[in-house]
Amino acid sequence: MLPDLERLIHLQEIESKAAVAAKAIAEAPGRIAALDALLQGATTALDTAKHALAENKTRRGLVDKDLAAVQQRQGKYKDQLMQVKTNDEFRAMQHQIDAAAVEVGVQEEKSLINMMEADDINATIKKAAAALKAAQAKVGTERGAIEQDVIVQQGVVTECATARERLVAGLNDKGLIDTFGRIAKVRGTAVARAEGERCTVCQVRLRPAVFVHVLKNDQIVQCDSCNRILYFIPPKPGAPAAPATPDAPVQ
Ligand SMILES: [Zn+2]
């Protein structure tokens, strides 16, 4: 194979690897922000539930106070009932006692509703606390993994840059790097494997006169349709259908 063609194939592998690494680095802040949002959401949910419980307790205090007041009034009327002298006074006092009893019933019901609300809120708090704990564990693990991966991927990017420099320096035809760059800019990838008289990336059939040159791998030939630099992997003897190496990475 033409050494420059081999270099360009290798360069494409490096560029694709670097692009994957760069993508992972670029996506890391978004992934970390999503984890932070998850944690924030779980924290807010627990805070909201705790706040609701505090409000419930405040309401409970007011209901208890009202209930105690009306019960006290009720007791006072009952004492007074013993001291009435006339039937009219008795009826009037009885009326007061009945009204107080209704009020006691109302306050007791409010108290019951308040207690049921407290049960619901406590269940919500329990759930929210468990969700927060789970979120903290998830964020702790995943944030660390993302940060570690960024370090690894930064290493990959650096390695790729070094390998790229070495390959470019080794090119016999220095103009090829511009050709490569132009195609990669438009197409994402700059080289393509040819097989069965087709460019395997754009799938367009190659002219026989073009394919003949591609088969030899001894010069730089570009696809008529997508402009990618073409290469050919001869089938292994006895296994004509299987490509000898994987396709050039495709984005
Ligand atoms: Zn093509």
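Q74 is found in helix α1. This is a predicted model, and Q74 is a convenient place to start looking at it. Is Q74 buried or exposed? Its relative accessibility is 15%, so Q74 counts as buried, the cut-off being under 20%. What does Q74 touch, once residues up to four places away in sequence are not counted? The answer is I97, A100, A101 and V104. Those four partners are worth finding on the screen before I go on.

Now the overall layout. The chain is divided into domain 1, covering 3-170, and domain 2, covering 176-232. Taken over C-alpha atoms, the centres of domain 1 and domain 2 are separated by 57 Å. How many residues of domain 1 are in contact with domain 2? Ten residues of domain 1 are, and they meet 13 residues of domain 2.

The area buried between domain 1 and domain 2 comes to about 910 Å². Carbon and sulfur atoms give 82% of that area. On the side of domain 1, the residues that lose the most area to domain 2 are L5, L8 and Q12. Together L5, L8 and Q12 account for 63% of what that side buries.

What about charged and polar pairs across this interface? The rule finds zero salt bridges between domain 1 and domain 2. For polar contacts, it finds one residue pair across the interface, with both residues at pLDDT 80 or more. Which elements of domain 1 give two or more residues to the side that touches domain 2? They are α1, running 3-83, and α2, running 87-170. Helix α1 gives the most to that side, with eight residues. By type, the residues on the side of domain 1 that touches domain 2 divide into five nonpolar, two polar and three charged.

So much for the interface; next, salt bridges in the structure as a whole. Side chains of opposite charge can pair when their charged atoms come close. How many salt bridges does the structure hold? It holds twelve. I will go through three of them and then a network.

The first one I picked joins R7 and D4, whose side chains meet at 2.7 Å, N to O. Both R7 and D4 lie in helix α1, three residues apart, which is about one turn of the helix. The two ends are not equally accessible. R7 has 23% relative accessibility and so counts as partly exposed. D4 has a relative accessible area of 4%, and is therefore buried.

The next one is between E15 and R164, with the side chains meeting at 2.8 Å, N to O. This pair links distant parts of the chain: E15 sits in helix α1 and R164 in helix α2, 149 residues apart. E15 counts as partly exposed because its relative accessibility is 24%. R164 is also partly exposed, at 32% relative accessibility.

The third is in helix α2. D88 forms a salt bridge with R91, and the closest N and O atoms are 2.5 Å apart. Here again the partners share a helix, since D88 and R91 both lie in α2, three residues apart, about one turn. Are D88 and R91 buried or exposed? D88 has a relative accessible area of 53%, so D88 is exposed. R91, at 52% relative accessibility, counts as exposed as well. Beyond these separate pairs, salt bridges that share partners join D36, R143 and E147 into one network.

I will finish in domain 2, with a loop residue. Where is D224 found? D224 is in the loop between β3, which covers 221-222, and β4, which covers 229-232. Its relative accessible area is 45%, so D224 is partly exposed. Leaving aside neighbours within four places in sequence, D224 is in contact with R207 and V210. With R207 there is a polar contact of 2.8 Å, joining the two side chains. How far from D224 is C199, going by C-alpha atoms? The separation is 9.2 Å, although D224 and C199 are 25 residues apart along the chain.

To recap, in the order I would look at them on screen. Start with Q74 in helix α1, which is buried. Then go to L5, L8 and Q12, which lose the most area to domain 2 on the domain 1 side. After that, follow the salt bridge from E15 to R164, which runs between α1 and α2. End at D224 and its polar contact with R207.

Methods: Residues are numbered from 1 along each chain as its sequence is written. This is a predicted model: local features need pLDDT of at least 70, side-chain atom pairs count only at pLDDT 80 or more; totals for chains, interfaces and linings use all residues. Side-chain values use heavy atoms; hydrogens and water are left out. Domain bounds come from an automatic or database domain assignment. Contact means heavy atoms within 4.5 Å. Buried area is the accessible area (1.4 Å probe) that two parts lose on being put together, summed over both. A salt bridge is a side-chain nitrogen of Lys or Arg within 4 Å of a carboxyl oxygen of Asp or Glu. A polar contact is a pair of N or O atoms within 3.5 Å; within protein, one must be able to donate a hydrogen and the other to accept it, and residues adjacent in sequence count only if both atoms are side-chain atoms. Helices (H or I, at least four residues) and strands (E, at least two) are DSSP runs, numbered from the N terminus. Ala, Val, Leu, Ile, Met, Phe, Trp, Tyr, Cys and Pro count as nonpolar, Asp, Glu, Lys and Arg as charged, and the others, Gly among them, as polar. Buried means under 20% relative accessible area, exposed over 50%, partly exposed in between (1.4 Å probe, protein chains only).
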